[in-house]
Amino acid sequence: HTISVSAFLLCRSSDLAMEMDINSLLAHADEVYNKKYIEEVPMEGISPRIIKYVRQTAGILRVPTNYVFGEVTTLTGSAIGRKITIMDGAKKNRGNLYSAIVGGASDGKSPSINYAMKPLNRWENERFEKYFRQRHAAKQADEELPPYSDQLIVSNETIENLYRVINNVKTCTDGLLMHQDELLNFFGGNSKKYSDGNIISDFLTLFDSFSPLRVGRVTLEERINVPEPFLSILGGIQKKRVDELFLGQDHNGFFSRWQFWLGNPESALTVSHDEKIDQHWEELIERAVSPAFNLTVLRFENEKMLNEIDDGYRSIRDQLVDLGEDNLAETIMKQSYIIRRLAGIFHCMNALADGYNPNGIIKEETVEYAGKVVEHLFTNSCIIDRVMAQKRLLKITGKQAIIALDNCYGIKSQQMLSAALGGSPSQQYISRILKTLQKE
């Protein structure tokens, strides 16, 4: 079941597009979706210093290297933020990713995220202390309070305050990261608190990074208009609950924008801790958020290669549509964004890890490596799609059905509930369940 998607995509003959056996890839997802581990993400295309950091961190925490690699990639893209514009032809991208660290309960998702975030947290704390002093001085002088305009991290916010933060940082060249230890704490609450659908629509806009975000809500003091918003997302979620992240979001493009970092077998315990290796990661983040990192337009050494890759994605999409795999058909087309973003992130990561600012040309080998990571991530998306499909097939009890109908539609009439459930269960049973719910 091993499929070399990247090799297929990077070949020069478009005739080979139809040779890919997408059925085998889907069969592989069907086979492994309920298994605990997958293979390790390829790492040969990033700096040896960062590979050492990934392996040491995974060993210290006893977590999968895939978790740490996904965190490092996402955090680098976020720290670089609006300092880079990734261009080929008329297409423009930035390095923001929506990343979900997916695994079992208590398998190190949160500790690995928090460990990798230490350098960014340190910079966020310094910036907040500076802002707090400015705010205090403005209060003392009875002046207008300044906005917190260079915030790096936002966590556990209401959706309204997230909008305010995005508006406050619209002139900051660094990126904004939304960090959630548990992604369902935000998307399982705030996004379902509103029924108008605008919340998820705004997250689709934020992912695109060059589409203006325009928000007008009664709960906001003023209308928000951000021409080029930037938001990365990093958080953890249990594999068995990942379907809740996309509940009611079928075929609107939300699923296709996420990158899922599934766990490979946990690393062996690392007894010795080399602080120099941690220092390499801290220095990379420091260079990424430094004012010395000039605004840079990144272009590709071989734009024709990207066009051929896009043609390959379209061929795969057509096959998936024919198979009725709509979620995955949307997802494969979003990989044209992801391969460009990953190539830009890896290009900058390698330069910053070696101590210098990146030049403006992304080489072919970096695109090839990004293609391998995209292959890994698309396979993960296939696996997650199978997990969600299996959850949708699970039977629910009569009590669960009654609760769901009552919560979603507010159907209080016993007769209506019974009719909605096809005449079964009985009105007497429904009455008993509703009385129990009222007491609870």
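**Reading a predicted model, feature by feature**

Biologist: How many bridges join strand β1 (residues 84-88) to β10?

Modeller: Four bridges join them, and the two strands run parallel. Keep in mind that this is a predicted model. To see one pairing, find Ile86, whose bridge partner in β10 is Leu298. β10 is also joined to strand β11 (residues 361-362), by two bridges, and that pair runs parallel as well. There, Phe300 has Ile362 as its bridge partner in β11.

Biologist: Which side chains of β10 (residues 296-300) are buried, and which are not?

Modeller: The side chains alternate along the strand. Thr296, Leu298 and Phe300 point to one face and are buried. Val297 and Arg299 point to the other face and are not buried.

Biologist: Next, the core. Which residues touch the most other members of the largest nonpolar core?

Modeller: That core has 116 residues, and Phe69, Phe187, Phe203, Trp258 and Phe346 touch the most other members. Helix α14 (residues 326-353) gives the largest share, 13 residues. Apart from this core lies another one, of six residues, including Ile402, Leu417, Ile430 and Ile433.

Biologist: What does Trp258 touch, not counting residues up to four places away in sequence?

Modeller: Its contacts are Tyr98, Ser99, Ala100, Leu183, Phe187, Ile233, Phe246 and Ser381. Phe187 is also on the list of core residues that touch the most other members.

Biologist: How should I read a helix such as α10 (residues 198-208)?

Modeller: Start with the general idea. An α-helix has 3.6 residues a turn, so residues three or four places apart point the same way. Then look at burial. In α10, nine of the 11 residues are buried, so the helix is largely enclosed by the rest of the structure. The buried ones are Ile199, Ile200, Asp202, Phe203, Leu204, Thr205, Leu206, Phe207 and Asp208. Ser201, also in α10, is partly exposed, with a relative accessible area of 37%. The C-alpha atom of Ser201 is separated by 8.4 Å from that of Asn252, although the two are 51 residues apart along the chain.

Biologist: What follows α10?

Modeller: Ser209 does, and its phi is positive, near 70 degrees. The general idea is that most residues other than glycine have a negative phi. Ser106 has a phi near 55 degrees. Ser106 sits in the loop between β3 (98-103) and α5 (109-116), and it is exposed, with a relative accessible area of 80%. Asp142 also has a phi near 55 degrees. Its place is the loop between α6 (118-140) and β4 (153-155), and Asp142 is exposed at 71%.

Biologist: Now charges. How many salt bridges are there?

Modeller: Side chains of opposite charge can pair when their charged atoms come close. The count here comes to 19 salt bridges. In one of them, the side chains of Arg55 and Glu40 meet at 3.0 Å, N to O. Arg55 lies in helix α3 (residues 48-61) and Glu40 in the loop between α2 (22-32) and α3, so this pair ties together parts that are 15 residues apart in sequence. Arg55 is partly exposed at 39%, and Glu40 is partly exposed at 32%.

Biologist: Is Arg340, which forms a salt bridge with Asp310, buried or exposed?

Modeller: Arg340 is buried, with a relative accessible area of 1%. Asp310 is buried too, at 4%. The closest N and O atoms of this pair are 2.8 Å apart. Asp385 and Arg386 also form a salt bridge, at 2.8 Å, and both are buried. Those two belong to a network of salt bridges that links Asp30, Glu325, Asp385 and Arg386.

Biologist: Which side chain of opposite charge is nearest to Lys334?

Modeller: It is Asp208, 5.3 Å away. A salt bridge needs the nitrogen and oxygen within 4 Å. Lys334 is buried yet has no salt bridge. Lys334 lies in helix α14 and touches Phe207, Ser256 and Arg257, neighbours up to four places away aside. Asp208 is in α10 and counts as buried, at 17% relative accessibility. With the same neighbours left out, Asp208 is in contact with Arg257, Tyr337 and Arg341.

Biologist: Last, how many disulfides does a search of the whole structure find?

Modeller: A disulfide is a covalent bond between the sulfur atoms of two cysteines. The search finds zero. Cys172 counts as buried at 9% relative accessibility, and Cys348 counts as buried at 0%.

Methods
Residues are numbered from 1 along each chain as its sequence is written. Side-chain values use heavy atoms; hydrogens and water are left out. A nonpolar core is a set of buried Ala, Val, Leu, Ile, Met, Phe, Trp, Tyr and Cys residues joined through side-chain atoms within 4.5 Å. Buried means under 20% relative accessible area, exposed over 50%, partly exposed in between (1.4 Å probe, protein chains only). Contact means heavy atoms within 4.5 Å. Two strands pair if DSSP finds at least two bridges between them. A disulfide is a pair of cysteine sulfur atoms within 2.5 Å. Lys and Arg count as positive and Asp and Glu as negative; His and the chain ends are not counted.
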